[in-house]
Amino acid sequence: MALTLYVDTARWRAHQQSVLQQFPGLVPVCKGNGYGFGHERLAEEATRLGADILAVGTTYEAAHIKDYFSGDLLVLTPFRHGEEPVPLPDRAIRSVSSVEGVGGLVGARVVIEVMSSMKRHGVKPEDLPKLATAIEDVRLEGFAIHLPLDRADGSDAVEEVIGWMDRLRAARLPLHTMFVSHLKANELARLQQQFPQTRFRARIGTRLWLGDHDATEYRGSVLDVTRVAKGERFGYRQQKAASDGYLVVVAGGTSHGVGLEAPKALHGVMPRAKGVARAGLATVNRNLAPYLWAGKQRWFAEPPHMQVSILFVPADAPEPQVGEELVAHLRHTTTQYDRLVDR
C-alpha cells in the first residue's frame, strides 16, 4: 500500500522531445527532489535526450548525480567564499555571481551570472570592467541570465537580454555562450538571429519535466475505512465527527509532502477571496485534502500523520474500499513518492 507516482512514459518522453525541438541545445535542470521524479531518473532521461550538460542546484546534488550522468554538471547556486568544499570532478562547472567569486575559483570552469530584473544575484554592470582581468585565471564557459517568470510592467525579456549582451560586448568580454532561463521559444529564436556568433542555451526544468500535466498522476492507496456517527470522537485530538460518514486512511503523509503547500502570489479579486475563505475554514479545522473520491476533493479529518492521511467522506458518498487508490493532486517539487510506476 503506497503513495504512487504513475507515469505515462511514452507521453512524458514525447513531451520532452517536443520541448527539445523548440529549444535546440537546451540544458535540462535536475534540482531539489528531481521535480518529483528523483535525481537518478532525470539523469537517465537527460542522457536519453542526448544532453551534454545537466544543471543541478547545489554542489551536494552534483556530488550525488555525478555517478548517474557522465556529461558536464552545471551547478546553479553561485560559489561563495568560505563554503564547505565538496569534491567534484573536472566536468563540474561552477556558477559565480561576483568578481570576488571568480577570483576564488582559479583554474575552475565557470559560468558568470549577471544581475537580471529578478535582483536575486549576479554581476552588476559597474563590475564588468573588473571581469576582463579576473576571467584570465578561470576557464570561462559562458555567461548566464536568470529572468523573472512574470513581467507586470510590460517589459520585454528579449530586450533585457539584449541590454546585457551590449554591455558585455562593450566591456570586451567573450560572448561565445549565453545560458538563459524563462524565455519562450520565439524569444530565444529572436536572440539567436540577432547574435548569430553567440550560442544561446536555455536551462529548462519545469517545462521539460512537468509541462504535460496529464502524463503523470499521483494515487494513494486506501489502507482502512471506518464508519463514524455524528458526534463520535476520533483521531489524535479526539475531535467529534460533524456528521455520519467514513474515516478513510490513505497512504501519503507529511513525510511524503502531503499537506505541504508553498506560498502563492495571488492576482485579482477572486483568487484573493478564495484565499481568505480557505484561511477562514482552516481556523475551524476545515482543510481540503489533495485526495479526490467520487469526483470531489475531500476534507482532512485531521492534520496528516507522518505516512498516512485520514480523510472524512460523508455518508451520502460511496464507501471507499481498502486497496482502492485515490487520485491526489500534489505538487511534484514537494512530494516524495513510495514508488514510481511506468505505464
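**Exercise 1. Helix α2**

List the buried residues of helix α2, then say which elements they pack against.

*Solution.* Start with the burial. Helix α2 spans residues 39–49, and its buried residues are His-39, Arg-41, Leu-42, Ala-43, Glu-45, Ala-46 and Leu-49. The model is a predicted one. Next, take the partners. The buried residues of α2 pack against two strands with low numbers, β2 (27–28) and β3 (53–56), and against β18 (339–342). Helices α1, α3 (59–65) and α8 are also packed against them. Finish at the end of the helix. Just after α2 comes Gly-50, with a positive phi of about 85°.

**Exercise 2. His-15**

Decide whether His-15 is buried or exposed, and find its contacts beyond the local sequence.

*Solution.* First, place the residue. His-15 sits in helix α1, residues 9–22. Second, apply the cut-off. Buried means under 20% relative accessible area. His-15 has 15% relative accessibility, so it counts as buried. Third, set aside neighbours within four places in sequence. His-15 is then in contact with Arg-207, Leu-208, Gly-211 and Asp-212.

**Exercise 3. Aromatic pairs**

Characterise the pair of Trp-12 and Trp-209, and say which parts of the chain it ties together.

*Solution.* Begin with the total. There are three aromatic pairs. The rings of Trp-12 and Trp-209 are 6.1 Å apart, centre to centre, with 45° between the planes. That pair is tilted. Now map it onto the helices. Trp-12 belongs to α1 and Trp-209 to α8, so the pair ties together parts 197 residues apart in sequence. Check accessibility. Trp-12 counts as buried because its relative accessibility is 1%. Trp-209 is buried too, with a relative accessible area of 1%.

Take another pair. Phe-195 and Phe-200 are also tilted, at 6.3 Å centre to centre and 55° between the planes. Both of these residues are buried. Last, look for a cluster. Trp-12, Phe-37 and Trp-209 form one.

**Exercise 4. Helix α7**

Find the buried residues of α7 and work out how they are arranged around the axis.

*Solution.* The buried residues are Glu-187, Leu-188 and Leu-191. They span an arc of only 100° around the axis, so they lie on the same side of α7. A general point about helices helps here. With 3.6 residues a turn, an α-helix has residues three or four places apart pointing the same way. Then ask what lies over them. The cover of the buried residues of α7 includes α6 (157–170), β8 and β9.

**Exercise 5. Pocket and cavity**

Describe the largest pocket by volume and lining, then do likewise for the largest cavity.

*Solution.* Pocket first. The largest pocket holds about 950 Å³ of space. Its lining has 33 residues; nearest the centre are His-146, Leu-149, Ser-181, His-182 and Thr-206. Elements giving two or more residues to this lining are β8 (177–181), α7 (185–194), β9 (199–204) and α8 (206–210). Strand β9 gives the largest share, three residues. By class, the pocket lining splits into 14 nonpolar, eleven polar and eight charged residues.

Cavity second. The structure has one cavity of 30 Å³ or more. The largest cavity contains about 40 Å³ of space. Its lining consists of Glu-113, Val-114, Met-115, Ser-116, Met-118, Lys-119, Arg-120, His-121 and His-146. Sorted by class, the cavity lining has three nonpolar, three polar and three charged residues.

Finally, compare the two lists. His-146 lines the cavity, and His-146 is also among the residues nearest the centre of the largest pocket.

Technical notes:
Residues are numbered from 1 along each chain as its sequence is written. This is a predicted model: local features need pLDDT of at least 70, side-chain atom pairs count only at pLDDT 80 or more; totals for chains, interfaces and linings use all residues. Side-chain values use heavy atoms; hydrogens and water are left out. On a 1 Å grid over the protein atoms alone, a cavity is a set of points where a 1.4 Å probe fits but cannot get out, and a pocket is an open set with protein on both sides within 12 Å along at least five of seven lines; lining residues have an atom within 4 Å of a point. Grid points are joined across faces, edges and corners, and a volume is the space filled by probe spheres set on the points. Helices (H or I, at least four residues) and strands (E, at least two) are DSSP runs, numbered from the N terminus. Ala, Val, Leu, Ile, Met, Phe, Trp, Tyr, Cys and Pro count as nonpolar, Asp, Glu, Lys and Arg as charged, and the others, Gly among them, as polar. Buried means under 20% relative accessible area, exposed over 50%, partly exposed in between (1.4 Å probe, protein chains only). Contact means heavy atoms within 4.5 Å. The arc is that of the directions from the helix axis to the C-beta atoms. Rings of Phe, Tyr and Trp (its six-membered ring) pair if their centres lie within 6.5 Å; planes under 30 degrees apart count as stacked, over 60 as edge-to-face and the rest as tilted.
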